[in-house]
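Student: Here is a chain I would like to go through. Could we check some of its labels against their cut-offs?

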Amino acid sequence: MSRPIVLQLGDDIRWNHDQYAAFTSKFEIKRSYSMPRAEFKQALKDKKFGDFFAIYRPFWNTGGEMGNWDDELISLLPPSCKIYASAGAGFDWVDTAALAKRGIIYCNAAAACTESVADAAIWLIISTFRLFSWSALAARSGSPEQFADANKNLAAVTRNPNGFSLGIIGYGRIGRRIAEKAHAAMNMKILYNDVVEIPSSVPATFYKDMDTLLAEADCVLVATPFDGDTLINADKLAKMKKGSRIVNIARGKLIDEPALVAALQSGHLYSAGLDVHFDEPNVNKELIKMKNVEVLSHNAGASLDSHIGFESLGMENITSFHDNGKAVSPVNAHLIKQSRL
C-alpha cells in the first residue's frame, strides 16, 4: 500500500533527523524547494507533486518564495490535501478561511517560539520604561559627548516597570506567557483584551472593550494576529493614557506608523518598542531617529530553539492529523466546522 504524500516546501531538515527518518518512513516526501510563484503554480496545475495529503514548511525563511497563499494558489491544491503545517507564529500571508472552505486545516508553530517571543517582549517592555536604546546607542557611538548625555540625563526621565500595568491585546499562548514573565519578574499588573475571557495562570483583569484597556494601561503590548486591518490607528492612540508606552511583537501593519510617530513627537506617548514594522524590511525613518524608540529586526521569535521546534512541530501536526484526525496546533479548525454547517 502506497504511503500518503507530503509536499515539503523549502530547505532540507537541519535538526530533528531521527524524527524526520520516522516521518519519511510513514509518508512519501515530494519537494518543491524554493520555486517562484509562476513555476509553483504550473507545477500544481501539472500535478507534479501528485495527490499530496499534506504540506510541510519547516522554516519561515525558505519555502515561501511563491508569495501569499491566496485563492489563486489554494484553488490549485488537489482535493487530497487536508493539512498545511508551517513554521512561524503569524499567518497573515495565508488565507486560512480559503483553506477552510477547501476542508484544509492550517497549523502554525506559535508554541515553538513562545519562549523566544516572550523574552523579546520583556526586553522591549523594559526598554520602553528605561530607554536602554538611548544608552546603548550613545555608548556604541564612541562619542564622549553622547555617552555623557545619556549618563547624566537618562535617569531623570525613566522608570522601573515594577508595579506598573501591562495591557496585552491578544491573550493567546504568547500573550499569556508574556503576562507570566512580566508578573513574576517585575510584579506588573496584567490587563488583557481578547474576544472572550481566557483562563490565566497569573492575576489578570479581562477587558472586553479595548478602548477601556488603552485608557488604563501604562504599557500596551500588541500580541494579536493580523487579520488584514490596522488595529491601532490615530483614534486608538489618542485613547491611550498620556505618557504610556506601546510594544508590538505581532505584525507591523497592526499599528498606523505615521500616527505612532505623531503620538510620540507630541509627547502623548512616552516611548515605543517595536520588533515588527509596517513596511519590512524598511524601518520608519522618523522612528529610528527617536531616543525613546527601541527597534528590532523582526527577531522576537528568532532563536535556535524556535527553529528546532518549528521543524519538529510541523511533523507532529501532520502525523497526529493522519493518525487520529486531530492536529496539534490548528488555527482554522473552527472555520472548517462553520463551513460544514
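Tutor: The turns below take salt bridges, burial and the nonpolar core in order; the model is a predicted one.

Student: Why is the contact between R31 and D12 called a salt bridge?

Tutor: The closest N and O atoms of R31 and D12 are 2.8 Å apart. The rule asks for within 4 Å, so the pair qualifies. R31 lies in strand β2 (residues 28-33) and D12 in the loop between β1 (5-9) and α1 (17-26), so the bridge ties together parts that are 19 residues apart in sequence.

Student: What makes D12 partly exposed?

Tutor: Its relative accessible area is 45%. Buried is under 20% and exposed is over 50%, so D12 falls in between.

Student: Which label, buried or exposed, fits D218?

Tutor: D218 has 14% relative accessibility; the limit for buried is under 20%, so D218 counts as buried. D218 forms a salt bridge with K241, with the closest N and O atoms 2.9 Å apart. K241, at 31%, is partly exposed.

Student: How do you know that the largest nonpolar core lies between domain 1 and domain 2?

Tutor: Domain 1 (5-112 + 304-340) and domain 2 (114-295) both give residues to this core, so it lies between them. The core has 34 residues, and I168 is one of those that touch the most other members. The largest share, 10 residues, comes from α5.

Student: What is I168 in contact with, leaving aside its neighbours within four places in sequence?

Tutor: Its contacts include A179, I190, L213 and L221.

Definitions and conventions: Residues numbered from 1 in each chain as written. Predicted model: local features only at pLDDT ≥ 70, side-chain atom pairs only at ≥ 80, totals over all residues. Heavy atoms only, no water. Core = buried A, V, L, I, M, F, W, Y, C linked by side-chain atoms within 4.5 Å. Buried < 20%, exposed > 50% of the residue type's maximum accessible area, 1.4 Å probe, protein only. Helix = DSSP H or I, 4+ residues; strand = E, 2+ residues; numbered from the N terminus. Domains from an automatic or database assignment. Contact = heavy atoms within 4.5 Å. Salt bridge = Lys/Arg side-chain N within 4 Å of Asp/Glu carboxyl O.
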